[in-house]
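Me: I am new to this structure and would like to understand how its descriptions are reached. Could you take me through the reasoning one step at a time?

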Amino acid sequence: MYRVSQNLGTNTVLVTGASGFIGRHTLIHLAKMGFEIIATSREKLVDKDLPQVRWIKADLLDPRSIRELVKEANATHLLHLAWYAEPGKYWSHPSNIDWLSASLDLVRSFAEAGGQRVAFAGTCAEYDWHSGICRETSTLLKPDSLYGASKLSLFKSWQLLQKHFGISGAWCRIFFQYGPYERESRLIPYVTNQLLKGAVANVSAGNLTRNMMHVDDLANALTTILSSSHEGPINVASKRTVTIREVLLRLATIIDRPELVNFGAIQYRDNDVTRLVADTHRLTEELNFQEKWDIDDGLRSVVDWWDNQNKRL
């Protein structure tokens, strides 16, 4: 129905948001799959660990820059991860509208240039969070944030563009992730750094159930989806669920400072529903995707990474 090459040795992928938390991890897996990789950033970058990645400086909020980027990349595949993601601000920031518009310009330019397949970074925030378990085919799509609404608008527009251009694509609804390179203000890096320096970490009661996926597994899942022929929305999440309290207790045990985690010191946010988990049937059964990281090894990787970062200061 849609055209997509399965001979990855001849394919070039354009990765937006490649220098971000998730993006930098995808480059490793894309290289393993044999893609020629073109990565975008606002600044000209060079990755010494991945010399085969060609970086192009581009401003995706500038339509002319998008057209020039797509022409220069001449890519068969597009992995679109870039979006406004400032912690604490992105849920309601007006920049979401800018990124919706820019993303539509990007995918249109890519399709018109002969691109074959797209994988988008969607979000669990597109779902009605009061549903508890989120299933791609049956759960109500009812975002309560500008971020979720903008992503959902892109998804709906993409569905119509896909029919018009006859291009293959998947919509990856990403749930909760953690791992090296995550921003310091996020929950797990915050608690990790507080405990490493012997300081109290003030957190909520933590009685919230989530899927927590190591970012390396997430990156592997995204590249697996991109290189497949699967269409439509796919939840990208760990098949294991865990409470935030359990995660933080495991983290504190690894660092050997459980007494420093101050549960209940912070109130839940308005949208912190008790149970928000993904049905991962499409990912694990249809795509046969298996996670590499268990929660303890994943948390150890976080502790080791931050410990090394702090020693460099």
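Reply: In this predicted model, the largest cavity is lined by Met213, Ala237, Lys239, Leu283, Thr284, Phe289, Gln290 and Glu291.

Me: What makes these lining residues nonpolar, polar or charged, and how many are there of each class?

Reply: Met, Ala, Leu and Phe count as nonpolar, and Lys and Glu as charged, while the others count as polar; set against this grouping, the lining of the largest cavity has four nonpolar, two polar and two charged residues.

Me: Why is this space called a cavity, and what is its volume?

Reply: A cavity is a set of points where a 1.4 Å probe fits but cannot get out, so the name refers to enclosed space. Rolling a probe the size of a water molecule over the atoms shows where empty space is left. The largest cavity has a volume of about 40 Å³, and the count of cavities of 30 Å³ or more comes to one.

Me: How do you know whether serine 204 is buried or exposed?

Reply: The relative accessible area of serine 204 is 18%, and buried means under 20%, so serine 204 is called buried. Serine 204 lies in the loop between β9 (201-202) and β10 (209-214), and, leaving aside residues up to four places away in sequence, it touches Phe263, Gly264, Ile266 and Tyr268.

Me: Why is helix α5 said to be largely enclosed by the rest of the structure?

Reply: Helix α5 covers residues 187-196, and seven of its ten residues are buried, so the helix is described as largely enclosed by the rest of the structure. The buried residues in α5 are Ile188, Pro189, Val191, Thr192, Asn193, Gln194 and Leu195, and what covers them includes β8 (176-178), β9, β10, α7 (244-255), β13 (261-262) and α9 (295-312). After α5 comes glycine 198, whose phi is positive, near 75°.

Me: What makes the protein as compact as a globular protein of its length?

Reply: The secondary structure of the protein comes to nine helices and 14 strands. Its radius of gyration is 19 Å, and the globule rule gives 20 Å for 313 residues; the two values are close, so the protein is as compact as a globular protein of that length. Of the 313 residues, 54% count as buried, and residues 24 or more positions apart account for 77% of the contacts with a separation of 6 or more.

Methods. Residues are numbered from 1 along each chain as its sequence is written. This is a predicted model: local features need pLDDT of at least 70, side-chain atom pairs count only at pLDDT 80 or more; totals for chains, interfaces and linings use all residues. Side-chain values use heavy atoms; hydrogens and water are left out. Helices (H or I, at least four residues) and strands (E, at least two) are DSSP runs, numbered from the N terminus. Buried means under 20% relative accessible area, exposed over 50%, partly exposed in between (1.4 Å probe, protein chains only). Contact means heavy atoms within 4.5 Å. On a 1 Å grid over the protein atoms alone, a cavity is a set of points where a 1.4 Å probe fits but cannot get out, and a pocket is an open set with protein on both sides within 12 Å along at least five of seven lines; lining residues have an atom within 4 Å of a point. Grid points are joined across faces, edges and corners, and a volume is the space filled by probe spheres set on the points. The radius of gyration is taken over C-alpha atoms; the globule rule is 2.2 Å times the number of residues to the power 0.38.
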